[in-house]
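The exercises below are meant to be worked with the sequence and the model side by side. Each task is followed by a solution that proceeds step by step.

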Amino acid sequence: MTTTPSPATEPAMPEPLSAPSFAVITGDQVQHALEGREKEIVEVVEGTYRLHGAGESVNPPSSFLRFHDRPTSRIIALPASIGGRNRVDGLKWISSFPQNVASGIPRASAVLILNDPDTGYPFACLESSIISATRTAASAAAAADRLTRDRPRPLRVGFFGAGLIARYIHTFLVGTGWSFDEIGVHDLSADSAAGFRVYLEQSGGGGRITVHSSAEDLIRLSDLVVFATVAGQPHVGDLSWFEHNPVVLHVSLRDLDPEILLASTNIVDDIEHCLRAGTSPHLTEQRTGNRDFVHGTLDDVMAGRVTVPPDRPVVFSPFGLGVLDLAVGKYVYDEVARTGELRVADGFFHELRRYG
């Protein structure tokens with residue numbers, strides 16, 4: 001005998017029309033969806049900054065998982081939600097294990113989970129190291145453009161740190177219309193500097209390439225300086241190196257001594273996020289006891305609420321927001337779906353009956 005609950009006390013729940021689907025998007029699919037789309041991705045990133053600035057996002061602080069027995073390693077969780085036309089929720093889970101490099105594999109690895117904002121169900125898992133590097137590079141390219149509009153466009157670029165992120169940033173600069181007469185490279189690893197030089201020579205981006213053994217030479221001879229290192233604390237503190245007022249993309253966040261920031265115009269992606277976790281802006285706040293040295297966000301610059309004077313250095317320090325990962329990840333998902341190449345894991349969500 002089957003017992004049917006009384007509708008008055010236990011309303012019948014409709015069976016789901018269909019099981020939510022769940023797709024896995026691999027690194028080669030991610031790369032194919034993003035390749036050659038630099039201008040589109042920069043527009044996606046700028047649009048996301050505008051949504052974030054307008055309050056149409058949720059971007060709580062990242063959570064750091066650290067290990068007593070592996071102090072140089074960490075895994076970071078970046079949950080976020082964005083509104084607007086392509087609203088989506090989700091989480092990036094990215095690890096950094098520096099010892100990987102000695103084993104011949106990249107330091108960082110990551111996945112991105114996208115959640116349906118109506119049901120909360122995850123609907124995709126994407127390889128995300130490429131997405132992470134892409135959104136970082138797109139953010140840097142957007143900042144380079146926006147922060148140089150009131151000064152001569154730099155023709156000399158210097159890369160301080162010659163790893164994956166530097167390569168992506170150069171790709172995005174060239175892909176969004178930048179060209180350089182001089183490209184400087186400095187890295188503590190001669191092999192990394194040499195490898196980056198080979199990449200530059202094969203990229204077809206042009207410009208005379210110089211590998212500098214001196215950090216001072218790199219900075220003094222560059223009007224656009226890109227910091228993309230793994231530094232854990234400031235290692236550049238001589239203000240005279242910046243007396244030609246370069247634009248500095250401080251992507252790695254912990255390279256500059258507070259004295260450099262105090263003499264510069266400081267633009268960040270999000271003030272609350274950037275002034276934490278021992279970043280150079282955080283150290284500057286701790287030294288001064290205030291945030292007066294922060295002039296605004298990149299969204300403020302795009303909206304014209306903040307102008308950038310040409311007669312002093314300008315430093316862009318982006319913490320790296322989870323909303324950017326979501327926006328780029330959703331772009332990838334939509335592109336893969338549009339081409340009919342989504343790889344759905346059939347039956348991923350198995351138990352969908354609320355009642356037996």
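**Exercise 1.** Is Asp257 buried, partly exposed or exposed, judged by its relative accessible area?

*Solution.* This is a predicted model, in which local features need pLDDT of at least 70 and side-chain atom pairs count only at pLDDT 80 or more, while totals for chains, interfaces and linings use all residues. Residues are numbered from 1 along each chain as its sequence is written, and side-chain values use heavy atoms, with hydrogens and water left out.

Begin with the classes: buried means under 20% relative accessible area, exposed means over 50%, and partly exposed lies in between, with a 1.4 Å probe and protein chains only. Asp257 has a relative accessible area of 22%, so it is partly exposed.

Next, consider its partner. The side chain of Asp257 meets that of Arg287 in a salt bridge, at 3.8 Å from N to O; a salt bridge here is a side-chain nitrogen of Lys or Arg within 4 Å of a carboxyl oxygen of Asp or Glu. Because Asp257 lies in the loop between E12 and H7 and Arg287 in helix H9 (residues 280–288), the pair ties together parts that are 30 residues apart in sequence. Helices (H or I, at least four residues) and strands (E, at least two) are DSSP runs, numbered from the N terminus. Arg287, with a relative accessible area of 47%, is likewise partly exposed.

**Exercise 2.** Which parts of the chain does the salt bridge between Asp223 and Arg156 link?

*Solution.* Start from the general principle that side chains of opposite charge can pair when their charged atoms come close. The side chains of Asp223 and Arg156 form a salt bridge at 2.9 Å, N to O. This pair links distant parts of the chain, since Asp223 sits in the loop between helix H6 (215–220) and E11, Arg156 belongs to strand E8 (residues 156–160), and the two are 67 residues apart. Asp223, at 23% relative accessibility, counts as partly exposed, and Arg156, at 25%, is partly exposed too.

A further pair shows another combination of environments. Arg305 and Asp299 meet in a salt bridge of 2.8 Å, N to O, in which Arg305 counts as exposed at 54% relative accessibility, whereas Asp299 counts as buried at 11%. Salt bridges that share partners also join Arg37, Glu335 and Arg338 into one network. By the rule given above, the count comes to 21 salt bridges.

**Exercise 3.** Where on helix H1 do the buried residues lie, and what do they pack against?

*Solution.* First list the buried residues of H1 (residues 27–34), which are Gly27, Gln29, Val30, Ala33 and Leu34. They cover an arc of only 160 degrees around the axis, taken from the directions from the helix axis to the C-beta atoms, and therefore lie on the same side of H1. The general geometry is that an α-helix has 3.6 residues a turn, so residues three or four places apart point the same way.

Then turn to the opposite face, where the exposed residues Asp28 and His32 are carried away from the buried side. The buried residues of H1 pack against strand E1 (23–25), helix H2 (38–53), strand E7 (122–127), helix H3 (129–146) and helix H11 (322–338).

Finally, follow one residue of H11: Glu335 is found in this helix, and is buried with a relative accessible area of 15%. Leaving aside neighbours within four places in sequence, Glu335 is in contact (heavy atoms within 4.5 Å) with Ala33 and Arg37. Just after H1, Gly36 takes a positive phi of about 75 degrees.

**Exercise 4.** Which residues outside glycine take a positive phi, with Asn245 and Leu253 as the cases to examine?

*Solution.* Asn245 has a positive phi of about 60 degrees although it is not a glycine; Asn245 lies in the loop between strand E11 (224–227) and strand E12 (247–250), and at 22% relative accessibility it counts as partly exposed. Leu253, also not a glycine, has a positive phi of about 70 degrees. Leu253 is placed in the loop between E12 and helix H7 (258–262), and it is buried, with a relative accessible area of 5%.
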